[in-house]
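Here are a few exercises to work through with the model open beside you. Try each one yourself before reading the solution.

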Amino acid sequence: ALPDLLEGLRKQYPRAFPTPAECAPIDSAEPLLGQFLRSFLVWESTTAKAAGALRRIEQAVVDFNELRVCLPDELVRLMGERYPGAQERAVRLSAALRDLYRREHAVTLERLIVLGKREARQYLDSLDGVPPFVSARVVLLNLDGHAAPVDQRILGVLCAAGIVEEKHGADDAAGLLERRVRAGELAEAYHRLQAAADDGPGPEGSRAAPRAAHRPKSGGARKKADAKVPTAPKRSPPRKPADD
């Protein structure tokens with residue numbers, strides 16, 4: 001069923017591949033970080049929505065360091081408050097950029113170039129807040145690694161085609177694709193699956209939106225701080241007794 005699905009998608013979406021220029025937003029000297037940001041925006045959303053959010057972010061920040069110091073509620077404003085899963089996405093992205101800065105003393109992913117593909121994937125997976133979809137997408141598209149980005153939207157395409165059962169999760173589906181799609185062909189397969197997911201029903205707020213709340217991987221103080229990120233920009237709300 002999988003070869004039939006991919007062949008059908010090849011005919012339906014013959015021009016699904018993006019151009020290399022699409023992979024280096026904000027700072028052309030940081031293509032990996034640009035793809036990292038783009039992947040965060042595509043995750044559980046669509047490429048069209050991600051492109052719109054990316055344009056707004058590019059217009060608002062000078063570089064990735066300025067993006068790093070944005071608070072989650074500021075990131076929500078930049079993406080748009082109606083962006084799928086905007087609050088969780090902003091919390092995760094903010095946590096990942098902060099963690100990256102703590103490790104590298106700069107906002108850069110260029111060290112991944114000298115790492116092996118497996119080590120690069122492990123590094124990305126270990127960053128606070130990074131979904132497997134994001135790390136797999138960066139490794140696949142920018143490091144020529146054999147990794148399958150699968151979120152709930154792409155999982156829905158695979159389930160509808162009978163490739164995996166509904167009881168299976170995105171990680172199971174990613175493993176299946178990595179086993180059954182040849183090395184060198186997975187990027188093409190991913191882009192066409194993404195195109196199908198973009199066209200799919202996936203109502204915003206359900207399948208298209210992140211489902212699990214982000215829990216930082218370490219640091220109790222950071223966990224408490226992230227949990228208190230407001231769900232909307234602060235605009236001098238009226239006073240009322242605090243619940244806690």
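**Exercise 1.** Is tyrosine 190 buried or exposed?

*Solution.* Keep in mind that this is a predicted model. Start with the cut-off: buried means under 20% relative accessible area. Tyrosine 190 has 2% relative accessibility, so tyrosine 190 counts as buried.

**Exercise 2.** Find the aromatic pairs and classify their geometry.

*Solution.* Begin with the count: the structure holds two aromatic pairs. One of them joins phenylalanine 36 and phenylalanine 40, with 5.4 Å centre to centre and 80° between the planes, which is edge-to-face. Next, place these two rings: both lie in helix H2, four residues apart, or about one turn of the helix. Phenylalanine 36 and phenylalanine 40 are both buried.

Now take phenylalanine 133 and tyrosine 190. Their ring centres are 6.3 Å apart and their planes meet at 65°, so this pair is edge-to-face. The pair links distant parts of the chain, with phenylalanine 133 in helix H8 and tyrosine 190 in helix H11, 57 residues apart. Finally, check phenylalanine 133: its relative accessibility is 2%, so phenylalanine 133 counts as buried.

**Exercise 3.** Which residues of helix H7 are buried, and what do they pack against?

*Solution.* First list them: within helix H7 (residues 117–126), the buried residues are Ala120, Tyr123 and Leu124. Then look down the axis of H7: these buried residues fall within an arc of 95°, so they line one face of the helix. Last, follow their contacts, which lead to helix H2 (31–42), helix H6 (86–104) and helix H8 (132–142).

**Exercise 4.** Trace the partners of arginine 103 and aspartate 99.

*Solution.* Arginine 103 forms a salt bridge with aspartate 99, their closest N and O atoms being 3.2 Å apart. The two are four residues apart in helix H6, about one helical turn. Aspartate 99 also forms a salt bridge with arginine 102, at 3.8 Å between the closest N and O atoms. Now compare accessibility: aspartate 99 is buried at 10%, while arginine 103 is partly exposed at 32%. To finish, look for a ring: arginine 103 lies over the face of tyrosine 123, at 5.1 Å from the ring centre.

**Exercise 5.** How many salt bridges does the structure hold, and which parts does the one between arginine 10 and glutamate 188 tie together?

*Solution.* There are ten salt bridges. Among them, arginine 10 and glutamate 188 meet at 3.0 Å, N to O. Arginine 10 belongs to helix H1 (residues 2–12) and glutamate 188 to helix H11, so the pair ties together parts 178 residues apart in sequence. Widen the view and a network of salt bridges appears, linking Glu7, Arg10, Glu188 and Arg192.

Key: Residues numbered from 1 in each chain as written. Predicted model: local features only at pLDDT ≥ 70, side-chain atom pairs only at ≥ 80, totals over all residues. Heavy atoms only, no water. Buried < 20%, exposed > 50% of the residue type's maximum accessible area, 1.4 Å probe, protein only. Arc of directions from axis to C-beta. Contact = heavy atoms within 4.5 Å. Phe/Tyr/Trp six-rings, centres within 6.5 Å; stacked < 30°, edge-to-face > 60°. Lys NZ or Arg CZ within 6 Å of the ring centre and 35° of its normal. Salt bridge = Lys/Arg side-chain N within 4 Å of Asp/Glu carboxyl O.
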